[in-house]
Amino acid sequence: MKYLNLYLKNTSLEKQSAAAIAYLASIDHISVNSPKIAESIVNEIKAQRSQLKLIASENYSSLSVQLAMGNLLTDKYAEGYAKHRFYAGCEQVDVCEQTAVDEVKSIFGCDHAYVQPHSGADANIVAFWSIIINKIQNKRLEQLGKKIDLLSNSEYEELRQYLVNCKVMGMSLDAGGHLTHGFRHNISSKMMQASSYSIDPKTEMLDYDEIAKKAKEFKPDILLAGYSAYSRRINFAKMREIADSVGATLMVDMAHFSGLVAGKVFKGEESPISYAQMITSTTHKTLRGPRGGLILCDQEFAETVNKGCPLVLGGPLPHVMAAKAIAFQEANTLAFQDYSKKVVDNSRALAEIFLKEDLHVLSGGTDNHMFVLDVSSFGITGRQAEDALLDCGICLNRNAILNDKNGAWYTSGVRIGTPALTSLGVGVDQMRDLGNIMLKILKHTKASFNTKTQSKNKARYELDANIKRNCKEQVIDLLKDFPLYPEITLQ
Ligand code: PLP
């Protein structure tokens, strides 16, 4: 009981927290038989405490969310959905799943919710297939006047050919879209014919006329909106208009910005809720829940979406659904609305520091929780910027920009996001300080020269030791005021 005993010894009774005791006791318990795993959990806490996290897709979930996942709910099979199970003894799983469903419906005010997807990618595949089954399979079965199980093998094969001939159109990967939106190395482009729309090369923003033109030419069954690296808001009313004009279903993947919709920062036409027929999301980014996915949809898709398992998914994860229920309760509060607003204020304040230096921030700024900074004017790649910043205690990831001359591995940009630091309480003043530290690091980072090839190295870099030490100290100073899970003490 190393960690728990230390905690009880060093923390006065009034300051002791049940969450800290549970957390430390679980680490002590794990270490009895699996010391290596216990040590890696402790080391992860230490590592995250030593870095300022600017990874746009990550956050810090609450200890309640984390603790809800560490229990016997994981042992249950619960195929089906609440009150409609193919397994016995699911009464308590029903409570967890139904609470999550009710809570997420209350946040977003949507017709139907499904909280089983194990991740955002899984949610997208369930959503794609729900649309395809509703639009194509069910219509064909109606024409044939038969249920699917009664089709002959040749009739089923004929139907299958219809199913794999659907078309999806989403934002291209290099403009900021996601791999699951029709990228050639993802199943989405193998099960459907995929085409993409990009951003205007000048403004680096979505051009709705251009999207409408492309949609008319390609005639997608699914028009997909949503992004992983785009710093402006989307007008979903316009996207719905385009979808309707070509008979497509509007699907929105709000994996990145669902927390900003929940927090009422994105409202009206900037929120997909009243415009999209199908919405997917992760639960662990701006929404600040456990790692997982969810689907919100119009009533017409409810039945198919509820059959996500076995359509696409394996058995649901009851422990994660319990944690989702808690996270949704947390997101359904005024405090979360305040948090979401601060996420965007912080993002704007940080982007401003780079814009003031005339640096290339993609799309010219940000209206959401992130932005992409082009680092090529410093003479370095995104990879070198990522490594140099990490060496000074700032954790973010490199990101390709449109027509990136350095390709998807080295890249020319870095993606910068504020959800995690805002969760720690960091405000705009500290964000500006952090921006200036980052600027100093980037200005003093140089690509190493490869004498053999007589060219600049794309991976290795040099950073003046004094600058590095000084910036690292500044990062440590900033971190001191914003401790991660302060109730958990490891000494
Ligand atoms: N959709 C978007 C827009 C994303 O940004 C991501 C993750 O980065 C996903 C889907 C996939 O989420 P997951 O990693 O949970 O599968």
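**Exercise 1. Describe the shell around the ligand by residue class, by nearest members and by secondary structure.**

Solution. Sorted by class, the shell around the ligand holds three nonpolar, eight polar and two charged residues; here Ala, Val, Leu, Ile, Met, Phe, Trp, Tyr, Cys and Pro count as nonpolar, Asp, Glu, Lys and Arg as charged, and the others, Gly among them, as polar. The model is a predicted one, in which local features need pLDDT of at least 70 and side-chain atom pairs count only at pLDDT 80 or more, while totals for chains, interfaces and linings use all residues. Residues are numbered from 1 along each chain as its sequence is written, and side-chain values use heavy atoms, with hydrogens and water left out.

The next step is to look at individual members, where a residue is near a molecule if one of its heavy atoms lies within 4 Å of it. Of the 13 residues around the ligand, those that come nearest are Gly-120, Ala-121, Ser-228, Asp-253 and Lys-285. As for secondary structure, helix α6 (residues 120-144) gives the most to this shell, with three residues; helices (H or I, at least four residues) and strands (E, at least two) are DSSP runs numbered from the N terminus.

**Exercise 2. Find the polar atoms that lie close to oxygen atoms of the ligand, and state how much of the ligand the protein buries.**

Solution. A polar contact is a pair of N or O atoms within 3.5 Å; within protein, one must be able to donate a hydrogen and the other to accept it, and residues adjacent in sequence count only if both atoms are side-chain atoms. In the side chain of Ser-228, an N or O atom is 2.7 Å from an oxygen atom of the ligand. A polar backbone atom of Ala-121 is 2.8 Å from a ligand oxygen atom, and for an N or O atom in the side chain of Ser-119 the distance to a ligand oxygen atom is 3.3 Å. Taken alone the ligand exposes 390 Å², of which the protein buries 84%; accessible areas come from the Shrake-Rupley method with a 1.4 Å probe, and for residues only the protein chains shown count as cover.

**Exercise 3. Characterise the largest nonpolar core and the surroundings of Met-239.**

Solution. A nonpolar core is a set of buried Ala, Val, Leu, Ile, Met, Phe, Trp, Tyr and Cys residues joined through side-chain atoms within 4.5 Å, where buried means under 20% relative accessible area, exposed over 50%, and partly exposed in between (1.4 Å probe, protein chains only). The largest such core has 57 residues, among which Phe-108, Met-239 and Leu-296 touch the most other members. Helix α5 (residues 91-108) gives the most to this core, with six residues. If neighbours within four places in sequence are left aside, Met-239 is in contact (heavy atoms within 4.5 Å) with Tyr-197, Tyr-208, Ile-211, Leu-223, Ala-225, Ile-234 and Leu-250. A second, separate core of 56 residues includes Val-42, Ala-388, Ile-437 and Leu-463.

**Exercise 4. Decide whether Ser-130 and Val-428 are buried, partly exposed or exposed, and list what each one touches.**

Solution. Ser-130 is found in helix α6 and counts as buried because its relative accessible area is 0%. Beyond its neighbours within four places in sequence, Ser-130 is in contact with Met-278, Phe-301, Thr-304, Val-305 and Leu-311.

Val-428 has its place in helix α19 (residues 428-443) and counts as partly exposed, because its relative accessibility is 30%. Not counting residues up to four places away in sequence, Val-428 touches Asp-345, Asn-346 and Ala-349; from Val-428 to Ala-349 the separation is 79 residues in sequence and 5.9 Å in space, C-alpha to C-alpha.

**Exercise 5. Which backbone features involve Glu-204, Asp-358 and the pair Cys-309 and Pro-310?**

Solution. Glu-204, although not a glycine, has a positive phi of about 60°; the residue is found in the loop between β6 (193-197) and α9 (208-218), and counts as buried because its relative accessibility is 13%. Asp-358, also not a glycine, has a positive phi of about 60° and has its place in the loop between α15 (334-356) and β11 (370-374), where Asp-358 counts as exposed because its relative accessibility is 72%. Finally, Cys-309 and Pro-310 are joined by a cis peptide bond with omega of about 15°, and Pro-310 is found in helix α13 (residues 308-311).
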